[in-house]
Amino acid sequence: MDGQQVKLWESRCIEEFPPACSAACPVHLDVRGLAELLRKGDLRAAHAHACRFIPFPGIVGHLCDHPCQSACRRSESGDAIRIHELERTIATAGFNAPPFRRGRAMEKKRVAVLGAGLSGMTAAADLIVKGHEVVVFEANAQLLGRLRQNPNLPASILEADLARFENTGIEFRYEQTANAATLADEFDAVYVGTGPAGQSDIDIDPLTYTTRHPKIFAGGSRRYGSHYSLITSLSDGRYAALSIERMLQGASLIANRDSQGSQASRLYVNVAVHAPLPAVAPADPAQGYSPAEAQAEAARCFPCHCLECVQVCPYLEHYGGYPKRYIREIYNNETIVMGARKSNRMINSCTLCGLCAEVCPEQLGMGEVCLSARQGMVAKNHMPVSHHDFALRDLAFSRSKAFALARHQPGHNESALLFFPGCQLSASSPDHVARFYQHLCAKVDGGVGLMLGCCGAPAHWAARDDLFGETRADFRAEWERLGKPPVITACSSCYRMFTDHQPDVPTESVWTLLERIGLPDAGGVPSRLTIHDPCTTRHESAIHASVRRIAHQRGATIVELEGAERTTCCGFGGLAQLANREVADKIVDRRIGQNESDHLTYCAMCRDNFARRGKRAVHILDLLYPDGDAAARADPGFSARQENRGRLKRGLLRDLWGEDVTEPADDIELAMSAEVQADLEKKLILLDDIRQTVRHAETSGEKLIDQKTGHFVAQHRPVAMTYWVEYSLEGGRHVVHRAYSHRMQLEIAP
Amino acid sequence: MSERPSTPAPPELTCDRCQLPLVLGKVKASYLGNSFEVELSCCPGCGFIYVPEELALGKMAQVEQALEDK
Amino acid sequence: MSLVYTQYQNITYTGKRSPGNVKTKLAADKDGKLLAMETNWWIDHGPYSEFGDLLTTRQAQFTGAGYDIKNIRGLGKTVCTNHAWGSAFRAYGSPQAFLSSETAMDMLAEKLGMDPLELRLKNAYRPGATTPTGQVPDVFVVDKLLEMIKPKWEEAKKRCKAFNVPGKKRGVGISIGIYGCGLDGPDAAEAAVELTPTGVTVYDAWQDHGQGADLGTLTFAQHTLRPLKIKPEQIKLVMNTTDCPNSGPAGGSRSNVFVGQAIRVACEMLLNAMKKPDGSFRSYAEMVAANIPLRYNGKWVAQDCTAISSETGQGNPFPIYMYEVFVPEVEVDLETGKVTVVKFTTAVDVGTIINRSTVDGQIYGGLAQGVGLALSEDFDDLKKHTNLLDCGLPYPRDIPDDMEIMYLETPRPLGPFGAAGVGEAPLTAPHPAILNAIYNACGVRILKVPALPEIVKKALDEKAAGKAGIVPARS
């Protein structure tokens with residue numbers, strides 16, 4: 001993975017941006033965090049939290065001009081959270097703010113602060129925490145003089161805030177006016193926060209609070225005149241102190257200050273999903289909120305988060321984070337020098353379906369990230385072999401003579417079109433494929449060629465670019481031999497592979513073609529079906545429309561979910577189902593739980609996965625060739641999928657091309673209970689693996705016998721897996737009691 | 001996959017070819033170029049090594065995954 | 001190519017042990033049986049995160065290690081700061097953990113009115129116990145080590161009590177320290193051996209920074225090849241060149257175990273290839289004549305191991321552990337607060353000892369570093385701490401000549417010929433024992449290192465003024 005690309009991806013996940021309230025607060029008080037504590041009724045923790053951000057929690061709690069509240073996104077659905085009232089509740093709850101603790105500076109510097117107003121005192125507090133020597137010069141006899149005249153601020157509150165400054169080591173010099181330039185000779189830095197009455201001829205840089213004198217910084221109410229904002233004035237002291245600290249350390253004054261001060265936030269919040277709620281009205285407006293009222297008001301906070309993708313994707317939800325964190329983990333997984341690569345399975349559990357990019361305000365797609373990570377894993381030979389081995393062996397089967405076929409229509413020497421039904425539809429509904437091919441032959445002039453094989457999707461998803469290339473080369477050789485006819489795909493994944501990776505191959509979905517050439521003859525049966533568009537057709541609106549019209553012609557009333565562009569994966573995409581069954585099941589379960597009606601789809605894998613998890617579902621071909629209760633059809637399972645493909649090829653050769661093809665005789669006849677069969681499916685063990693193992697045991701005699709039950713225990717390692725089968729012989733049949741496998745190789749130690 | 005002796009195979013399991021009961025023996029297990037010795041039930045006659053399902057799907061699968069992620 | 005640093009560069013460019021703040025809360029019944037432990041910690045890893053997560057999980061592995069504690073909960077955080085960058089240092093992560101839990105054990109013993117050794121003995125790992133990560137210990141030796149050192153402990157207590165010099169006090173402290181051998185999870189190493197006309201050549205990449213990699217390689221090879229009656233001088237070593245297989249890093253006290261095992265495996269493969277049906281061995285010429293390969297690559301992997309989960313802290317991270325009990329005696333100058341370690345007794349179990357002098361050397365060196373860690377070493381200020389003196393490295397005079405090592409040799413089931421590693425054991429927990437000894441001497445409880453004279457003095461003064469005399473971990 002390219003580090004720069006990783007940073008770009010990370011920058012597009014906006015979940016870590018602050019909520020609007022914090023961004024609007026000049027000192028970025030964590031209002032969302034406060035609301036979460038208050039919602040729990042933990043006033044004490046909320047007070048402690050506020051004290052970490054604000055040197056004067058009491059004063060701010062009473063007098064803040066609260067720009068946060070105007071920014072509150074709750075105002076778009078009801079009233080803004082009354083943040084200022086909440087702050088006041090916190091301020092008057094009777095907790096003592098912790099005193100400032102003088103830090104340890106590597107090199108102590110002396111800083112003078114002119115004016116003990118809010119900005120000056122904030123600067124003094126921040127600098128003493130950093131460990132410097134601080135001397136405050138105040139013209140009057142008291143600190144915070146002007147605030148003492150404010151009738152809305154009880155004196156006790158002001159004194160409680162000032163108690164934080166006791167014994168900190170800050171030296172206060174009262175009734176002393178001083179000249180900043182003179183002080184600059186004596187001190188390492190000077191902050192001028194002398195209020196509206198102070199010198200007004202200073203140029204202050206709004207970002208760094210520097211003046212023309214390199215050691216003098218200035219800010220505070222002098223800058224605002226009639227637009228005075230208490231919290232902004234306070235923030236001047238904070239950011240000026242930051243500049244002073246940087247100047248004393250010789251650090252850049254301007255670097256990394258983008259988030260300084262009141263600003264808008266990039267955090268996206270889907271306000272529409274929250275029902276409007278009015279603000280809680282305090283029983284006694286003069287007293288403000290009681291703790292219980294504050295709790296109720298805080299509970300109105302959404303709180304603001306983006307998480308748009310996490311909410312729609314069980315995979316992103318499963319790992320407990322959000323893309324920004326995942327991207328970092330995935331990058332670390334690739335770059336780790338020593339130790340376990342803990343994110344391998346997470347990377348291989350993404351279906352690559354693209355829904356996250358669809359809902360993301362920044363169009364960030366985790367599929368792109370995960371596929372890139374998989375490519376890196378393969379390139380560095382770090383891809384766990386077990387995650388994709390089964391799928392790649394299935395791909396090898398589809399490329400083998402057992403399934404692969406490319407021919408012109410019987411009686412033709414050329415093809416006007418080439419039908420590519422794909423491996424999974426052939427695996428799921430071989431009879432439909434055969435009938436449908438004959439329908440195409442009947443309706444299309446000039447001959448319809450047929451190609452059985454693999455589009456390469458599993459290799460692409462497994463990031464096996466070598467294998468993907470070989471598979472495409474297989475296709476191209478045959479396609480060219482057949483005269484490069486336009487390709488008609490029945491599977492949306494094949495369609496995607498051809499259009500994305502072989503753009504010079506003219507490709508069309510069979511469903512749009514079907515509308516032009518006409519449907520097979522059959523009566524429509526009225527039905528009510530929820531349409532599920534395969535994730536690989538997400539943006540193919542022509543296909544979406546054709547399928548809907550075809551279904552309508554067959555008497556179906558279509559129920560829409562969130563619309564085709566927001567469709568989900570069935571869990572098979574990206575080979576997620578093979579790398580992480582648990583996550584894939586969560587994905588399909590959420591989809592089928594969205595409503596009660598039968599699902600209609602046009603991807604065989606989607607249909608079979610729905611069926612596997614107990615949902616009644618039909619493929620669009622079931623509407624074209626109605627035959628009983630198609631929605632009740634079970635998932636054929638992986639063993640039958642391969643057998644169906646082989647049977648389809650042999651049947652077509654026999655029936656259409658008139659070849660003498662015999663079905664292979666089974667030397668080993670297997671029998672097993674439904675439980676055992678389901679268990680084998682889960683363990684990705686094919687009946688053919690079982691047959692091979694039993695055959696090996698019976699011919700070699702290598703097997704164990706259980707003297708109690710008479711069962712045999714056999715093992716066989718055809719290539720990279722050892723299969724174990726426990727079976728018994730009953731009436732000439734081999735009854736399978738259990739089977740399992742492992743990858744580790746064993747031999748007697750020398 | 002502990003190098004400490006694993007649970008021996010049930011005594012009723014015997015080698016069909018050699019007609020011998022299984023005994024614990026040293027076995028070299030290898031995966032992805034890593035190999036190590038374990039003790040498993042084997043036929044003393046032909047060297048047939050027995051792996052019970054609990055071991056294959058439990059500890060063995062765990063070690064396979066740890067080595068794949070290494 | 002070589003990269004040679006000046007002392008200034010050496011000190012300022014290389015990473016340092018990361019500071020940690022580890023809070024331990026122990027629960028016990030009135031008889032001293034530990035019931036639960038709660039921990040809360042952060043690791044200050046400086047500005048770079050590499051291995052910061054691993055160091056953070058070390059606290060979950062070793063805080064409270066050595067004792068059977070059925071209920072543990074804890075939360076650890078790695079924090080990023082502008083302090084010196086943190087990297088691996090001898091016994092990586094365990095000194096932070098043991099400083100907390102071994103001090104807590106002392107405080108608990110006092111609360112219970114129990115002898116600190118007895119409290120430890122009561123709770124030591126015994127069959128049925130697991131480590132804090134839920135792993136079954138490789139061997140059960142903590143109780144045996146405590147029993148072994150007990151007579152020395154009793155003598156030391158008497159000696160310190162009887163010590164009577166005005167202005168000075170003596171005290172004895174105890175702690176236990178444990179550390180794993182290996183990198184977390186299924187760590188592996190490779191080595192190769194080749195039969196030559198004159199003997200054998202052993203190839204490995206066991207890096208040596210003074211611990212005796214050549215001696216280790218030679219010993220394991222010669223011992224495994226004893227059926228050939230081969231002499232040490234017939235064994236040629238080719239080490240740490242590009243011809244050598246990957247033996248992994250020299251860290252985590254792993255080399256003796258992992259490279260040792262890889263050498264054993266390679267040598268056994270050679271023996272096997274040389275064996276004739278009659279049990280005798282083929283000569284070099286016979287091997288060549290029979291066209292049998294002469295070079296064998298041995299690999300050994302800790303296949304049983306899994307890195308601990310960052311959520312639960314559970315797992316089996318290491319195949320082998322090292323165990324040590326520390327009993328230092330200190331003298332505190334009540335006027336200046338200066339602490340001197342006057343005697344150091346330790347009981348060690350690092351499995352079968354492969355080379356006694358090498359192991360002795362590792363222990364002596366570790367204890368010496370422990371004295372520095374406890375009393376003087378500090379690296380904080382990148383501008384000030386730029387030479388060995390300013391970093392507080394102890395002088396020879398600060399290290400006691402009176403060091404006594406007691407060995408318990410419990411063979412490790414997964415170690416080569418029963419051996420564990422040794423390097424990091426002596427720097428796991430010498431410092432809490434020294435701080436416990438300071439408390440025993442003069443009643444001030446220091447909760448951070450180094451216990452500089454001014455820190456001890458301030459605590460003594462506070463205690464004299466009727467205050468607690470505790471130096472907290474953070475001030």
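## A sheet shared by chains A and B

In this predicted model, an open sheet of 7 strands with mixed pairing follows the order 15(A)-19(A)-18(A)-17(A)-16(A)-1(B)-2(B). Strand 15 (670–671) of chain A and strand 2 (20–21) of chain B stand at the edges, each with a single partner strand, so one side of each is left without a neighbour in the sheet.

Within the part of the sheet given by chain A, strand 17 (residues 712–716) and strand 18 (residues 722–730) run antiparallel and are joined by 5 bridges. In this pair, A:Val713 has A:Glu726 of strand 18 of chain A as its bridge partner.

## Domains of chain A

The domain assignment divides chain A into domain 1 (20–271 + 290–304), domain 2 (308–383), domain 3 (387–517), domain 4 (527–567 + 590–635) and domain 5 (670–742). Taken over C-alpha atoms, the centres of domain 1 and domain 2 of chain A are separated by 40 Å.

## The interface of chains B and C

Where chain B meets chain C, 15 residues of chain B are in contact with 11 residues of chain C, and the two chains bury about 1200 Å² between them, with 47% of it on carbon and sulfur atoms.

Between chain B and chain C the count is 1 salt bridge, and B:Lys59 forms a salt bridge with C:Asp304 in which the closest N and O atoms are 3.3 Å apart. Across this interface, 3 residue pairs are found in polar contact. On the side of chain B that touches chain C, the elements giving two or more residues are strand 4 (34–42) and helix 1 (53–69) of chain B, and the residues of that side divide into 6 nonpolar, 5 polar and 4 charged.

Terms used. Residues numbered from 1 in each chain as written. Chains lettered and ligands numbered in written order. Predicted model: local features only at pLDDT ≥ 70, side-chain atom pairs only at ≥ 80, totals over all residues. Heavy atoms only, no water. Contact = heavy atoms within 4.5 Å. Buried area = accessible area lost by both parts, 1.4 Å probe. Salt bridge = Lys/Arg side-chain N within 4 Å of Asp/Glu carboxyl O. Polar contact = N/O pair within 3.5 Å; in protein donor to acceptor, adjacent residues only side chain to side chain. Helix = DSSP H or I, 4+ residues; strand = E, 2+ residues; numbered from the N terminus. Nonpolar A, V, L, I, M, F, W, Y, C, P; charged D, E, K, R; others polar. Domains from an automatic or database assignment. Pairing = 2+ DSSP bridges.
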